[in-house]
Amino acid sequence: MKYICTACDYIYDPVAGDPESGIDPGTAFEDIPEDWICPLCGVGKEDFEPLDE
């Protein structure tokens with residue numbers, strides 16, 4: 001499942017991960033460290049919500 005940042009609409013896709021932040025492709029959102037931040041706007045993981053596709 002993809003997750004969207006409620007501040008800037010960045011979409012976290014677990015298939016792609018976030019390699020620039022050290023999150024490997026295939027990493028589920030739930031498995032991302034709690035101190036991870038949005039790579040676009042810098043808000044915390046708590047500001048993301050599931051994306052209905």
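**Exercise 1.** In this predicted model, find the bridge partner of Ile-4 in strand 3, then place the two strands in their sheet.

*Solution.* In strand 3, Ile-4 has Glu-49 as its bridge partner. Strand 1 covers residues 3–5 and is joined to strand 3 by three bridges, the two running antiparallel. The sheet is open, with three strands in the order 2-1-3 and antiparallel pairing. Strand 2 (11–12) and strand 3 (48–50) are the edge strands; each has a single partner, so one side of each lacks a neighbour in the sheet.

**Exercise 2.** Determine which residues Tyr-12 touches beyond four places in sequence, and which residues make up the largest nonpolar core.

*Solution.* Start with the core: its eleven residues are Tyr-3, Cys-5, Tyr-10, Tyr-12, Ile-23, Phe-29, Ile-32, Trp-36, Cys-38, Val-43 and Phe-48. Next, list the contacts of Tyr-12, leaving out residues up to four places away: Lys-2, Tyr-3, Gly-17, Asp-18, Ile-23, Thr-27, Phe-29, Ile-32, Trp-36 and Phe-48.

**Exercise 3.** Locate the salt bridges and classify the exposure of each partner.

*Solution.* There are two salt bridges. One pairs Lys-2 with Asp-13, with 4.0 Å between the closest N and O atoms. Lys-2 sits in the segment before strand 1 and Asp-13 in the loop between strand 2 and strand 3, eleven residues apart. Lys-2 has 25% relative accessibility and counts as partly exposed; Asp-13, at 23%, also counts as partly exposed.

Lys-45 and Glu-34 form a salt bridge at 3.4 Å, N to O. Both lie in the loop between strand 2 and strand 3, so the pair ties together parts eleven residues apart in sequence. Buried means under 20% relative accessible area, so Lys-45 at 8% is buried. Glu-34, at 62%, is exposed.

Methods. Residues numbered from 1 in each chain as written. Predicted model: local features only at pLDDT ≥ 70, side-chain atom pairs only at ≥ 80, totals over all residues. Heavy atoms only, no water. Pairing = 2+ DSSP bridges. Helix = DSSP H or I, 4+ residues; strand = E, 2+ residues; numbered from the N terminus. Core = buried A, V, L, I, M, F, W, Y, C linked by side-chain atoms within 4.5 Å. Buried < 20%, exposed > 50% of the residue type's maximum accessible area, 1.4 Å probe, protein only. Contact = heavy atoms within 4.5 Å. Salt bridge = Lys/Arg side-chain N within 4 Å of Asp/Glu carboxyl O.
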